[in-house]
Amino acid sequence: MTGRRAALGLGLAAGAASGAAAQGRPTLREAARGRGLVFGTAVQSQMLATDAGLRALAQREAELWVPAWEAKWGPVQPEEGRFEFAPLRALLQLAQPSGQRLRGHCLVWHEANPPWLAPALAEGPARARRVLEEHFRVVLGTTAPAMRDWDVVNEFIANPPGSDNPSASPGDLRDTPWLRALGPGYVELALRTARQLDRTLRLTLNDYGVEADTPPAAEKRARLLRQVRGLLDRGAPLDAIGIQAHLQMREPFRPEPFITFCQELRSMGLAVLVTELDIREPDVLAPNVPTRDQAVADYIGRFVSAALEGGVRTILTWGLADRESWLVSTPSVARADGATTRGLPFDDALRPKPFRDALLDAFARV
Ligand code: XIL
């Protein structure tokens, strides 16, 4: 692939068909908007195309969509030089009549990569740099002007000792093919490349494991703050930090350290977003569904209120209904006991759960 591809061909849509409010309460989209917030969700083009209920829910409830899969390196550049944008175009087409904006996820990550990428990076820094620059050039050139906000690097901080998947190597940065090929400057290189290609793109670094009141989460917060400070000191272009918020109820949450963390990022001039909110229920489930759902909602309410207090203004969940959740479909994060996690705002019949009400209540307090 040589020349610049045609743009996705769809600009931002005006207006919004928000549909009927669910069960007498406003939609999450309307409630957020009324408070100057943005509520969004991850979507999957295939699911939206085949599941009319999910499609209507995503169009009604969310202001912002993020492709859960379609913009990752593997689907976008499955073979070197062959770029694939059909699923992203399909999403944009679905978003247009209902007025959703799309954010981009993600340009550099150690997962969801095509088989050719790691060997190419291993050929050395010059080759790695060319591969990165070409991918950014084509992807950002094609997705502009529809996608104005990208997770430029996803999950770049190493997991401290005591985490679920602790890093085997020392240092703040996760050991990935990108780090091995380009050294610790790869994050800055990615940010600078994106900024050079598109001066007004909002550049975000996205990560997880920084939410809980546990020693590993505290250490990961410290690592992220240290790395971000270093990037800003070196003049790297950076606009926002995305906090994934794949929460786990077996981990304690306390508002104060998390609010302080958000405020420290904000004091560096950065926006802070919650980008992938969902929650895993505890290993031992409460005895019945209403009790489970209430416990989920209580945790979510405390977390989202803290995020809002810390200055977060954009909140995305990783899907809306349990039947589309990766917590159900992905073995590495699904429950060991086979039960379905009730970790999203709507149930399988697309009825709102107390999780949804906890979001509405937190929004209303802003
Ligand atoms: C997940 C998707 O939801 C799954 O469908 C896919 O199989 C794996 O990736 N952090 C991220 C997301 O940044 O990209 C991940 O999405 C979930 C964890």
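**Stop 1: valine 274**

Select valine 274, which you will find in strand β8. The model is a predicted one, and in it valine 274 counts as buried because its relative accessibility is 1%, against a cut-off of under 20%. Now show its surroundings. Setting aside neighbours within four places in sequence, valine 274 is in contact with Ile243, Ala245, Phe303, Ala307, Val312, Thr314, Ile315 and Leu316. For a sense of scale, draw a line from valine 274 to proline 114: the two are 160 residues apart along the chain, and their C-alpha atoms are separated by 27 Å.

**Stop 2: from β8 across to β9**

Keep valine 274 on screen and add isoleucine 315, its bridge partner in β9. Colour the whole of β8, residues 271-280, and you can follow its parallel pairing with β9 over 3 bridges. Next bring in helix α12, residues 289-309: together β8, α12 and β9 make a right-handed β-α-β unit.

Which residues of β9 are buried on each side of the strand? Select residues 314-317 and look at both faces: Thr314 and Leu316 are buried on one side, Ile315 and Thr317 on the other. In a regular strand, side chains alternate between the two faces of the sheet.

**Stop 3: β1, then β2 and β3**

Strand β1, residues 38-43, runs parallel to β9 and is joined to it by 4 bridges. Find phenylalanine 39, which stands opposite isoleucine 315 in β9. Isoleucine 315 is thus a handy landmark, as it is also the bridge partner of valine 274.

Moving on from β1, select β2. These two strands pair in the parallel sense over 4 bridges, and glycine 40 stands opposite leucine 64 in β2. Strand β2 covers residues 64-67, and both of its faces are covered: Leu64 and Val66 are buried on one side, Trp65 and Pro67 on the other. One further step takes you to β3, which pairs with β2 in the parallel sense over 2 bridges. Look there for leucine 102, the bridge partner of tryptophan 65.

**Stop 4: the second largest pocket**

Several residues from the last stops come back here. To display the lining of the second largest pocket, select Val38, Leu64, Arg101, Leu102, Arg103, Ala146, Arg148, Asp149, Arg202 and Thr314. The elements giving two or more residues to this lining are β3 (101-108) and β4 (147-154). Which element gives the largest share of the lining? The answer is β3, with 3 residues. The pocket has a volume of about 150 Å³.

**Stop 5: an enclosed space**

The model has 2 cavities of 30 Å³ or more. Go to the second largest cavity, which holds about 40 Å³ of space. Its lining is formed by Val108, Trp109, His110, Val153, Asn154, Glu155, Phe156, Thr176, Trp178 and Tyr186.

**Stop 6: glutamate 188**

Next, select glutamate 188 in helix α9, residues 186-197. Is this residue buried or exposed? Glutamate 188 is buried, since its relative accessible area is 15% and the cut-off is under 20%. Beyond residues up to four places away in sequence, glutamate 188 touches Leu231, Arg234 and Ala236.

**Stop 7: α12 and α14**

Return to α12 and pick out serine 305. With 21% relative accessibility, serine 305 counts as partly exposed. Leaving aside neighbours within four places in sequence, serine 305 is in contact with Ala362 and Arg365. A line from serine 305 to leucine 359 joins C-alpha atoms separated by 8.5 Å, although the residues are 54 apart along the chain.

Now show helix α14, residues 354-364, where Phe355, Arg356, Ala358, Leu359, Leu360, Ala362 and Phe363 are buried. These buried residues pack against α1 (28-34), β1, β8, α12 and β9, so a view of them takes in elements from earlier stops.

**Last stop: colour by confidence**

Finally, colour the model by pLDDT. The protein averages 94, and 94% of the residues score at least 70. Over residues 1-5, however, the pLDDT is below 50, and beyond near neighbours in sequence this stretch has 12 contacts in the model. Residues 10-22 also stay under 50, with 31 contacts beyond four places in sequence. Where pLDDT is low, the predicted coordinates should not be read in detail.

Key. Residues numbered from 1 in each chain as written. Predicted model: local features only at pLDDT ≥ 70, side-chain atom pairs only at ≥ 80, totals over all residues. Heavy atoms only, no water. pLDDT = per-residue confidence, 0-100. Contact = heavy atoms within 4.5 Å. Buried < 20%, exposed > 50% of the residue type's maximum accessible area, 1.4 Å probe, protein only. Pairing = 2+ DSSP bridges. Right-handed = clockwise from strand over helix to strand, strands pointing away. 1 Å grid on protein atoms, 1.4 Å probe; cavity = no way out; pocket = protein on both sides within 12 Å on 5 of 7 lines; lining within 4 Å. Points joined across faces, edges and corners; volume = space filled by probe spheres on them.
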